[in-house]
Structures are given as C-alpha cells and as structure tokens.
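Student: I have a model open and want to walk through it. Can you take my questions as they come?
Tutor: Sure, go ahead.

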Number of protein chains: 2
Amino acid sequence: MSLTERRLNNLICRLREDGHRLTPQRMAVIKMLIGNTEHLTAEQIHERVKVDFPMTSLATVYKTVSVLKEMHEVQEISVDGEGKHFDGATGHPHPHLICTSCRRIEDIDFADIGPLPSEIAEQTGYRIEGHRLDFFGVCPACQEEEARNS
Amino acid sequence: MSLTERRLNNLICRLREDGHRLTPQRMAVIKMLIGNTEHLTAEQIHERVKVDFPMTSLATVYKTVSVLKEMHEVQEISVDGEGKHFDGATGHPHPHLICTSCRRIEDIDFADIGPLPSEIAEQTGYRIEGHRLDFFGVCPACQEEEARNS
DNA sequence: CTACATGCAAACCCTTTGCAGGCTG
DNA sequence: CAGCCTGCAAAGGGTTTGCATGTAG
C-alpha cells in the first residue's frame with residue numbers, strides 16, 4: 001500500500017470517528033487534495049468535482065476543505081495577488097516551486113534546509129514549529145512560450 | 001547615508017520620474033514600509049498614518065501600496081487565514097520569522113539558503129527568480145505568556 | 001491647465017454562514 | 001429520527017474602483 005493510500009485510509013477513519021459521513025462528493029474533493037502535488041484553488045477543485053458531480057456547489061468544496069484544514073491535512077498557500085491554493089500533498093511542510101507566469105505550483109522533494117531551524121531558534125529565542133520555503137521562477141513551458149513570442 | 005536612506009531617495013527619484021507627486025500622506029505610507037522590519041497590514045498602516053493625517057482614507061493607503069508593489073519595492077506576505085501584510089524592508093527576498101501566537105512578523109538577516117536555487121534550477125528546468133523562506137514558531141514573549149497561563 | 005492625489009461610496013471577489021430539505025445509519 | 005451533508009442565497013471581510021473634487025507644477 002502506498003504512502004498516500006495509507007494516509008487516505010487513516011484520514012477516512014478519523015473522519016468517521018468524528019461523526020463525518022463520506023459522501024462521494026466529499027471523497028472526490030479529498031482525493032483531489034490528499035497526496036496530490038497539484039495545488040488547486042477552491043474554484044479549480046470545484047470545476048473538477050463538477051465533472052463527476054455536476055450539482056456540486058462551491059460551498060460544499062469550502063466546507064470539505066475546512067474540515068481537512070482543521071485536521072491539519074491540508075494547508076493554505078497564498079501567492080501574491082492570487083486566491084488561496086490548497087496543499088494536501090504530504091500533510092507536513094515542504095518546498096514549493098511557483099511559476100510566476102502560469103501560476104502553477106509544484107512540489108519539490110529534496111531541498112533540505114538543514115540545521116537552519118535550530119540555529120534560528122538559538123539565535124532568536126523562538127520555538128520553531130515549522131517553515132515554508134517557496135521558490136519563484138518561470139517553468140520550462142512558460143520559458144518556451146516566451147521564446148516563441150520574442 | 002544609510003542603506004535605507006539611499007533606497008528611499010532612489011525610490012523617490014523614480015516616483016517623480018514616473019510622474020508621481022509625493023504628498024505628505026504618501027511619504028508617510030512609504031516611510032512606514034521602506035526599510036521597516038515591521039510588516040503591517042493595510043489597516044495598521046492606515047491607523048498609523050491617521051495619527052499625523054487624520055483625514056487619510058484606506059483607499060489612499062491601498063493606492064500607494066499598489067504603486068510600490070508595481071515597482072517591486074514592497075511584497076505581500078500572506079499568513080494562513082490572516083489578511084495581507086506588506087513588507088518593504090529590503091526590496092529583495094529575505095526570511096521571515098512568524099509568531100503563530102501573536103502574528104508578529106520579524107525579519108531574519110542570516111539564514112542563507114546557499115546553493116539551493118541553482119540546484120533546483122538544474123533539476124527542474126525552472127528559471128529561478130526568487131524565493132520565500134518563512135519560519136513559523138512562538139516568539140519569546142508568547143512563550144512567557146504560555147508559561148504564565150499554565 | 002493638465003495630470004496626479006484624495007475621500008467617499010459603491011462595486012468586487014472570494015470565502016463563510018444560515019437555512020430548509022435530503023439522506024444515511 | 002438524530003445528525004450530518006447538500007445547494008442555494010445572503011452575508012461578510014478585505015481590497016479595488018469610479019467619480020467628483022482638490023492641488024501641485
């Protein structure tokens with residue numbers, strides 16, 4: 001069983017324990033987030049869920065995401081001037097690669113920031129609980145696009 | 001002349017060149033951002049400007065900030081579930097230390113992320129243009145608070 | 001006189017909430 | 001049949017815009 005499947009099962013258990021019902025629509029939203037390295041906005045999730053469940057309303061998407069946020073299975077990522085994207089890829093902090101041209105957000109696996117947190121804790125007195133590391137740039141596809149247009 | 005003063009002068013020049021007029025209110029907003037390691041929200045900037053210029057409207061603050069954003073002198077920082085904060089501390093990316101308890105945002109000077117950007121560029125094909133590194137934690141003051149309340 | 005800056009209020013966008021009805025266990 | 005889930009519509013909060021009025025150069 002893959003890591004994602006295990007996480008999904010665990011999540012489903014906890015949802016049930018909390019008295020939640022897992023409707024097909026909810027499952028669709030959840031699957032679109034958990035273990036997915038795309039980082040969709042509420043609107044994008046809505047569009048995709050509607051393919052299978054045309055009646056789905058945006059409110060349902062928001063309500064589902066909000067449950068997942070409470071369970072710390074999904075975090076928000078805000079990009080300057082853009083709406084919120086939701087990231088349920090791993091359930092813990094990890095770096096992102098954000099294309100400033102097409103606004104795509106990808107995950108990067110490596111990019112360990114090493115001993116930085118403990119150094120910072122020592123120097124500032126903060127109790128460090130997490131971090132966010134995002135790189136901004138232009139993705140290969142958009143670079144090609146640029147080249148064609150010039 | 002300090003770095004901040006130089007940056008401020010340079011900025012003022014460019015604003016004039018672009019045909020902007022530098023009213024006292026605008027100057028107040030600009031000074032509240034450029035070289036200031038506090039990271040205020042629009043509302044907070046508004047409150048402070050109103051001390052000296054009580055008639056100032058929120059729209060003016062937004063319009064001024066928007067000019068600075070276009071000139072890449074100010075960037076937005078979004079904290080999950082919070083409003084936007086504006087950061088005009090250095091004009092280039094630098095790490096932040098965000099207290100999850102009192103929502104204070106501080107700058108950190110060191111914390112060089114080293115060769116990571118070029119590694120990532122090589123591995124992903126992105127043209128990396130910048131990054132954002134934020135640490136989340138609890139500041140010393142809030143830790144004391146916690147201790148007192150337990 | 002031209003063009004930018006201002007305050008006000010309305011518009012706007014995205015997100016959240018309230019509610020009545022539907023469905024599951 | 002209690003309690004969650006749904007869609008709809010309305011409310012909400014923060015940001016942006018339009019407009020008439022100032023004001024600097």
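Student: How do the residues of the lining of the largest cavity divide into nonpolar, polar and charged?
Tutor: Five are nonpolar, two are polar and two are charged. Keep in mind that this is a predicted model.

Student: Which residues line the largest cavity?
Tutor: The lining is made of A:Leu15, A:His20, A:Arg21, A:Leu22, A:Arg26, A:Ile30, A:Thr64, A:Val67 and A:Leu68. Two elements of chain A, α2 (24–33) and α4, each give two or more residues to that lining.

Student: Which element gives the most?
Tutor: That is α4(A), with three residues.

Student: What volume does the largest cavity have?
Tutor: About 40 Å³.

Student: How does one find such a space anyway?
Tutor: A probe the size of a water molecule is rolled over the atoms, and this shows where empty space is left.

Student: How many cavities of 30 Å³ or more does the structure hold?
Tutor: Two. The second largest cavity has about 30 Å³ of space.

Student: Which residues line the second largest cavity?
Tutor: They are in chain B: B:Leu15, B:His20, B:Leu22, B:Arg26, B:Ile30, B:Thr64, B:Val67 and B:Leu68. Here α2 and α4 of chain B are the elements that give two or more residues. The largest share, three residues, comes from α4(B).

Student: And how do the residues of that second lining divide?
Tutor: Into five nonpolar, two polar and one charged.

Student: Those two lists look alike. How can chain B be laid on chain A?
Tutor: By a turn of 179 degrees and a shift of 0.1 Å along the axis, which gives an RMSD of 0.3 Å. The two copies are therefore related as by a two-fold rotation axis.

Student: Which residue of chain B comes closest to the rotation axis?
Tutor: B:Leu133, whose C-alpha is 2.3 Å from the axis.

Student: New topic, the DNA. Which residues come nearest to DNA strand C?
Tutor: There are 18 residues around the strand, and the nearest are A:Tyr62, B:Arg21, B:Thr23, B:Met55 and B:Thr60.

Student: Which elements supply at least two residues of the surface near DNA strand C?
Tutor: Chain A supplies α4 (58–70), and chain B supplies α2 (24–33) and α4 (58–70).

Student: What about the residue classes of that surface?
Tutor: Five nonpolar, seven polar and six charged.

Student: What part of the DNA strand C atoms within 4 Å of the protein belongs to sugar or phosphate?
Tutor: Sugar or phosphate accounts for 70% of them, and bases for the rest.

Student: Which side chain has a polar atom 2.8 Å from a base oxygen of DNA strand C?
Tutor: The side chain of B:Arg21.

Student: And where do the phosphate oxygens come in?
Tutor: One is 2.8 Å from a backbone N or O atom of B:Met55. At B:Ser57, a polar backbone atom lies 3.0 Å from a phosphate oxygen of the strand.

Student: Last thing, the sheet in chain A. What is the strand order?
Tutor: The order is β1-β3-β2, in an open sheet of three strands with antiparallel pairing. Its edge strands are β1 (40–41) and β2 (75–78), each pairing on one side only.

Student: How many bridges join β2(A) to β3 of chain A?
Tutor: Four, and β3 covers residues 84–87.

Student: What is the bridge partner of A:Glu76 in β3(A)?
Tutor: A:Phe86.

Notes
Residues are numbered from 1 along each chain as its sequence is written. Chains are lettered from A and ligands numbered from 1 in the order in which they are written. This is a predicted model: local features need pLDDT of at least 70, side-chain atom pairs count only at pLDDT 80 or more; totals for chains, interfaces and linings use all residues. Side-chain values use heavy atoms; hydrogens and water are left out. A residue is near a molecule or strand if one of its heavy atoms lies within 4 Å of it. A polar contact is a pair of N or O atoms within 3.5 Å; within protein, one must be able to donate a hydrogen and the other to accept it, and residues adjacent in sequence count only if both atoms are side-chain atoms. Ala, Val, Leu, Ile, Met, Phe, Trp, Tyr, Cys and Pro count as nonpolar, Asp, Glu, Lys and Arg as charged, and the others, Gly among them, as polar. On a 1 Å grid over the protein atoms alone, a cavity is a set of points where a 1.4 Å probe fits but cannot get out, and a pocket is an open set with protein on both sides within 12 Å along at least five of seven lines; lining residues have an atom within 4 Å of a point. Grid points are joined across faces, edges and corners, and a volume is the space filled by probe spheres set on the points. Two strands pair if DSSP finds at least two bridges between them. Copies are superposed by least squares on the C-alpha atoms of residues with pLDDT of at least 70 in both.
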